[in-house]
Amino acid sequence: HSYSFISRTVFENSVVYFLRVTVGQFFEKKSLEVVLMPAGFMMDISRHSSSSELGGQLMSQGEQELATKMLQIQSKRFYLDVKQNRRGRFIKVAEVQQVGVVGRKSRLLLAMSTAAEFRDHLTSFSELYASLGPPNPENLPEDGKLKSEIMIKDNRRYYLDLKENSRGRFLRVSQTIARGGPRSQIAIPAQGMIEFRDALTDLLEEFGTDDGAFKGELPEGRHMRVENKTFYFDIGQNTRGIYMRISEVKNNFRAAITIPEKSWSRFRDSFSDYVEKMKELTEKSAAEGGK
């Protein structure tokens, strides 16, 4: 007979990993199976599950707010929040329109290094704005743009456009994400650019311009041969953080899973549990066979 048991689940980035050990007849066959299940299905399970641990793993985001500033510029209110998660520190900028569209919010996310670059651009935009004469509704720029800049950070692009229309001058900041991601933007009245820059400067002086991402040398990859299979353990890093890719190679077959660094200790604990359980089962089987 064969049977299996599950000791733990690990949830990361919309994927649930089940670690399941299957034991064959007389313990001659042992295998570790990794089952991936969409997070949406797991959310249904968590709502009906009596296990609070699983629900906590699914809902925990690990985000911490470090500081916040509020700016009132004309009819708009801006919130600058310094936050931190496993990927590093960043600033979330939220614009709340108080007149016209009730409850309308626009948001941007800036890595700390990008926020520092944005602060410097605000200085140059402010200097240009100060050198301009009064607005002339009869002599507006053809495309409305007075000055433009672009910032690039990983898979995000930020378009900064100092514009002028019949209502006045303002700085439009648009954020786009590569591969068809959503576009978001805020508009800062030109009169408030210096105040906005000073608020950013205060936060950057307190929390620095380091994004908090790992910048050291990553461990070298390893591999091991088990019967007719080879397993490769490779460490990498991308915009989401550090990860381990475990690949199973057999002849022309290859399969792999990717495990975020913050889950390594939980995977280690699960493997350790299996080692101990299999040791106990093997010793028990040997003792019963000797009777």
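## The nonpolar cores

Let's start in the interior of this predicted model. Its largest nonpolar core holds 32 residues, and the members that touch the most others are Leu80, Phe118, Leu171, Ile188 and Phe196. Helix 4 (residues 193-207) supplies the largest share of this core, with seven residues. A second core, separate from that one, has five residues, among them Met244, Ile246, Ile259 and Phe267.

Leucine 80 is a good residue to click on. Leaving aside residues up to four places away in sequence, leucine 80 touches Phe196, Ala199, Leu200 and Leu203, and its list of contacts also includes Ala67, Thr68, Lys69, Leu71, Lys92 and Val93.

## The protein as a whole

Stepping back, the protein has five helices and 15 strands. It is 291 residues in length, and 33% of them count as buried. Among contacts with a separation of 6 or more, 39% are between residues 24 or more positions apart. The accessible surface amounts to about 18,100 Å², and carbon and sulfur atoms account for 48% of that area.

## A four-stranded open sheet

Next, a sheet to trace by eye. Strands 8, 9, 10 and 11 form an open sheet in the order 8-9-10-11, with antiparallel pairing. Which strands stand at the edges? They are strand 8 (145-153) and strand 11 (184-189); each has a single partner strand, so one side of each lacks a neighbour in the sheet. From one strand to the next, the twist averages 15 degrees.

Strand 8 and strand 9 (residues 156-165) run antiparallel and are joined by eight bridges. Within this pair, serine 148 stands opposite aspartate 161 of strand 9. The loop between strand 8 and strand 9 contains aspartate 154. Aspartate 154 has a positive phi, near 55 degrees, in a residue other than glycine. Aspartate 154 counts as exposed because its relative accessibility is 52%, where exposed means over 50%.

## Threonine 176 in strand 10

Strand 10 spans residues 168-177 and includes threonine 176. Is threonine 176 buried or exposed? Its relative accessible area is 16%, and so, with a cut-off of under 20%, threonine 176 is buried. Setting aside residues up to four places away in sequence, threonine 176 touches Asn155, Arg156, Arg157 and Tyr159, together with Pro182 and Arg183.

## Helix 3 across the sheet

Helix 3 lies across strands 8, 9, 10 and 11, and runs at about 170 degrees to strand 8. This helix covers residues 112-131, 20 residues in total, and reaches 29 Å from its first C-alpha to its last, close to the 28 Å expected at 1.5 Å a residue.

Which residues of helix 3 are buried? They are Met112, Thr114, Ala115, Ala116, Phe118, His121, Leu122, Phe125 and Ser126. An α-helix has 3.6 residues a turn, so residues three or four places apart point the same way. With that in mind, try following Phe118, His121, Leu122 and Phe125, which are among the buried residues of helix 3. Phe118 also appeared above, as one of the residues that touch the most other members of the largest nonpolar core.

## The hairpin of strands 14 and 15

Another antiparallel pair is made by strand 14 (residues 241-250) and strand 15 (residues 253-260), over eight bridges. One bridge links glutamate 248 with alanine 255 in strand 15. The hairpin has two residues between its strands. Asparagine 251 is in the loop between strand 14 and strand 15, and has a positive phi of about 55 degrees although it is not a glycine. Asparagine 251 counts as exposed because its relative accessibility is 72%.

Isoleucine 242 lies in strand 14 too. With a relative accessible area of 19%, isoleucine 242 is buried, because the cut-off is under 20%. The C-alpha atoms of isoleucine 242 and arginine 86 are separated by 9.7 Å, though the two residues are 156 residues apart along the chain.

## A loop residue after helix 4

To finish, look at the loop between helix 4 and strand 12 (222-226), where proline 219 is placed. Proline 219 is exposed, with a relative accessible area of 52%. Its C-alpha atom is separated by 8.5 Å from that of aspartate 234, which is 15 residues apart from proline 219 along the chain.

Terms used:
Residues are numbered from 1 along each chain as its sequence is written. This is a predicted model: local features need pLDDT of at least 70, side-chain atom pairs count only at pLDDT 80 or more; totals for chains, interfaces and linings use all residues. Side-chain values use heavy atoms; hydrogens and water are left out. Buried means under 20% relative accessible area, exposed over 50%, partly exposed in between (1.4 Å probe, protein chains only). Contact means heavy atoms within 4.5 Å. The expected span of a helix is 1.5 Å times one less than its number of residues. Two strands pair if DSSP finds at least two bridges between them. Axes are lines fitted to C-alpha atoms, for helices over the stretch in contact, and angles run from 0 to 180 degrees between N-to-C directions. Accessible areas come from the Shrake-Rupley method with a 1.4 Å probe; for residues, only the protein chains shown count as cover. A nonpolar core is a set of buried Ala, Val, Leu, Ile, Met, Phe, Trp, Tyr and Cys residues joined through side-chain atoms within 4.5 Å.
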